[in-house]
Amino acid sequence: MFRQFADNPLMLLRWLLLIAMGLIFTLANSYFLAPGNLYSLGESFSLLGLVALGLALTMLVGEFDLSGGAMVAVSGLIMLKLGESNAFVGLAAALAFGAGVGALNGLLTLRLQVSSLVTTLGVMILLSGFAVWLEGGQGVSFSNYDLTDAFNASWLSVLSPRSVITIALFAAVGVALAITRLGRDIIAAGSHRKAATMSGANVASAVLSAFIASGLFAALAGALLAITLGRASSTFGANLLLQAASAAILGGIALSGGVGRPFGVAIGVLVLCVLNNGLGLIGASSPVVMLLNGAVLLVAVLVDGAPGQWLRRSRAAH
Amino acid sequence: MSTQSRSAPLPGPLSGLFAPARVQATVIQIATVAMFLLACLTVDNYATASNIASILYAASTVGIAAVGLASVTISGNLFALSLGSTAAFASIIYIQLSGLGVIGALLGSLALGVVFGLIQGIVVGLLRCNAIITTIAASSLIAGLATAFSGGRTVLATGGPSWLGNGAILPGIPWQAVIFLVVVVVAELLLQRSRTGWELRLRGTNPAAAELAGLRTRRVVVLSYVLAGAGAAMAGALIAAQSGTGNMRVGADLDFSAIAAMLVGGVAISGGRGRIIDVAAGTLFLAVLTNILLVNNFAYEVQLMIKGLAVLVAVTAGALLSRKKR
């Protein structure tokens with residue numbers, strides 16, 4: 001365990017940050033550990049976590065999906081527009097749309113052999129326009145109050161349906177990456193694309209699956225958010241992409257691909273959620289929130305970069 | 001023309017225009033001119049001074065930010081996401097310093113951009129930290145500082161608009177477009193004709209080889225972020241000069257607009273390929289396209305969707321055309 005920390009200081013940093021913030025916020029405001037606050041922490045974990053998990057999969061396979069944030073807005077609007085009479089139709093349509101756009105991202109990237117940063121940027125702009133068009137100038141609200149109430153239920157007074165679904169998905173993706181052929185292909189394709197192809201990994205299906213999962217998870221995040229809030233707007237999901245990227249990298253996912261696991265991403269997401277939740281509780285002003293978010297990322301990036309490596313090397317020399 | 005170039009190489013200087021690495025840039029340049037001429041012929045009152053000026057105002061701010069950004073991309077560090085918040089802070093500084101006159105306020109905003117760019121350049125280039133995450137962190141820090149500095153409020157300029165805000169050198173050619181032109185020419189010469197520019201492009205083509213060959217790779221990476229910071233700050237100052245206000249909403253979508261303009265123009269996101277004139281062409285292409293949609297009363301969301309499609313089509317065409325030639 002301790003050797004693992006020494007090899008991977010970013011992992012140590014994540015845990016230190018999480019524990020330190022937990023202690024500070026508990027001391028500053030005893031409501032921090034109250035069931036009601038843990039419940040809302042779970043809600044924000046669900047939204048950011050699903051987008052970050054999908055993005056992390058594309059990063060793992062050596063690509064990058066910029067369209068996740070815009071997908072959250074579009075899928076929420078599809079969910080409520082088509083799910084007014086039958087919620088299943090809306091959910092199915094939103095998820096199918098998410099998977100379809102993910103497949104489009106994957107196929108464009110594979111066929112054109114250009115960086116996915118480029119293809120998904122185009123899709124992102126397209127989706128944000130589509131979201132404004134769907135919204136039609138005003139927010140969309142949901143009249144299926146029973147479903148909204150059902151999704152605002154609490155289990156064991158801290159778990160929401162959304163947070164349970166998210167935790168289950170994190171676990172499922174973690175297991176799938178570890179034991180399935182597809183999971184190993186994803187990691188292999190991200191580690192060294194050419195070597196993976198030569199050793200018989202199905203790189204195309206790995207890349208395609210990662211993008212489909214990313215679209216699907218972002219669409220799920222948007223649909224669940226819309227059901228829980230009972231409304232949807234084209235502004236949902238703004239900033240979500242950058243936060244998800246931060247969470248993934250804080251969680252140990254490397255931009256170069258192949259490195260990092262869903263469990264780390266979950267901790268990265270939790271660090272950002274705890275930070276913002278705690279700062280909200282103690283009534284920090286918005287500049288302070290922005291500065292601390294930036295500072296946490298900067299520390300993570302420094303620990304991951306050369307300064308962290310020098311520390312490790314100097315310790316190894318002893 | 002493209003069929004001709006595929007069947008037989010064009011003679012003389014034209015052959016280079018349709019080389020695999022240049023074909024997307026060439027197509028976009030031709031398309032921009034064709035689109036503009038077509039609009040002049042088909043849309044009433046299109047080629048008026050005021051409409052051309054409005055295209056150039058939109059193109060100048062995004063374009064200057066995109067030129068700075070392109071130096072980061074061409075040097076092999078993908079892109080920066082701190083341009084929007086840098087522009088916002090610069091717009092606030094520009095208004096706060098407007099008592100010093102246009103040049104003083106502009107220099108003050110530029111200094112801010114240079115300092116922020118330098119810090120990011122040091123973190124990425126010398127401390128070898130992840131380029132994308134460094135700029136996301138910087139974006140958050142800069143936005144926090146700017147909000148603290150301005151108290152989250154919009155700052156308003158005193159006195160009337162300046163020559164930089166709405167002055168024109170000729171009818172239809174605002175001063176801001178002249179500044180854009182100067183920035184493009186200077187940056188194009190820096191990147192294509194100087195030793196530093198040559199090192200910057202080679203760093204993007206192959207970072208490991210550039211380092212082994214003894215090129216000053218760290219210096220050029222730091223320089224690229226300084227240019228990106230300066231470009232973003234200049235864009236923010238120009239927006240502030242136009243509107244007479246500075247706030248956090250300035251440059252809200254500058255990051256992705258600049259990336260889109262650069263990619264459409266034919267700069268490769270993976271580094272090493274693309275020129276500053278391509279960035280200018282991509283910016284003008286998107287500005288003319290948006291303007292045509294605007295004068296035809298298309299809604300904002302349709303403009304966004306067509307812009308997204310334009311990015312996809314340009315990139316697809318570029319990828320397919322350059323592959324056919326291989």
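Select A:S157 first: with 10 other C-beta atoms within 10 Å, this residue is exposed. The model on display is predicted. A:S157 belongs to the loop that connects helix 7 (145-151) and helix 8 (161-179) of chain A. Its backbone deserves a check in the torsion display, since phi of A:S157 is near 60°, a positive value in a residue other than glycine. Most residues other than glycine have a negative phi.

Next, move to chain B and select B:N297. This residue sits in the loop between helix 14 (276-295) and helix 15 (300-324) of chain B. Is B:N297 buried or exposed? Because 7 other C-beta atoms lie within 10 Å, B:N297 counts as exposed. Phi of B:N297 is likewise positive, near 60°, and the residue is not glycine.

Remain in chain B and select residues 217-243, which form helix 12 of chain B. How far apart are the end C-alpha atoms of this helix? They are 39 Å apart, in agreement with the 39 Å expected for 27 residues at 1.5 Å a residue. Colouring by burial shows helix 12 of chain B to be mostly covered, with 23 of its 27 residues buried. Just after this helix, select B:G244, where phi is positive at about 70°.

Now show chain B as a whole. Its secondary structure consists of 15 helices and four strands. Along the principal axes, the C-alpha atoms of chain B fill a box of roughly 60 × 60 × 35 Å. The radius of gyration of chain B is 20 Å, which agrees with the value near 20 Å that a compact globule of 326 residues would have. Of those 326 residues, 56% count as buried. Considering contacts in chain B between residues at least 6 apart in sequence, 76% join residues at least 24 apart.

Return to chain A and select A:I24, which is found in helix 2 (residues 9-28) of chain A. A:I24 has 13 C-beta neighbours inside 10 Å and therefore counts as partly exposed. Add A:L281 to the selection and draw a distance between the two C-alpha atoms: A:I24 and A:L281 are 12 Å apart in space, although 257 residues apart in sequence.

With both chains visible, select the contact between them. Chain A contributes 37 residues and chain B contributes 38 residues. On the side of chain A that touches chain B, the elements giving two or more residues are helix 6 (116-135), helix 12 (240-250), helix 14 (286-304) and helix 15 (306-317) of chain A. Which of these elements gives the most? Helix 6 of chain A does, with 13 residues. By residue class, this side of chain A divides into 25 nonpolar, eleven polar and one charged.

Finally, colour the model by confidence. Chain A averages a pLDDT of 89, and 95% of its residues score at least 70. Among the elements of chain A, helix 1 (residues 2-7) has the lowest mean pLDDT, 59, whereas helix 11 (residues 203-229) has the highest, 96. For chain B the mean pLDDT is 89, and 94% of the residues reach 70 or more. Select residues 1-8 of chain B, where pLDDT stays under 50 and the model has five contacts beyond four places in sequence. For the model, the scores are ipTM 0.87 and pTM 0.90.

Definitions and conventions
Residues numbered from 1 in each chain as written. Chains lettered and ligands numbered in written order. Predicted model: local features only at pLDDT ≥ 70, side-chain atom pairs only at ≥ 80, totals over all residues. Contact = placed C-beta atoms within 7 Å. Nonpolar A, V, L, I, M, F, W, Y, C, P; charged D, E, K, R; others polar. Buried ≥ 20, exposed ≤ 12 C-beta atoms within 10 Å, placed from the backbone. Rg over C-alpha atoms; globule rule 2.2 N^0.38 Å. Expected span 1.5 Å × (residues − 1). pLDDT = per-residue confidence, 0-100.
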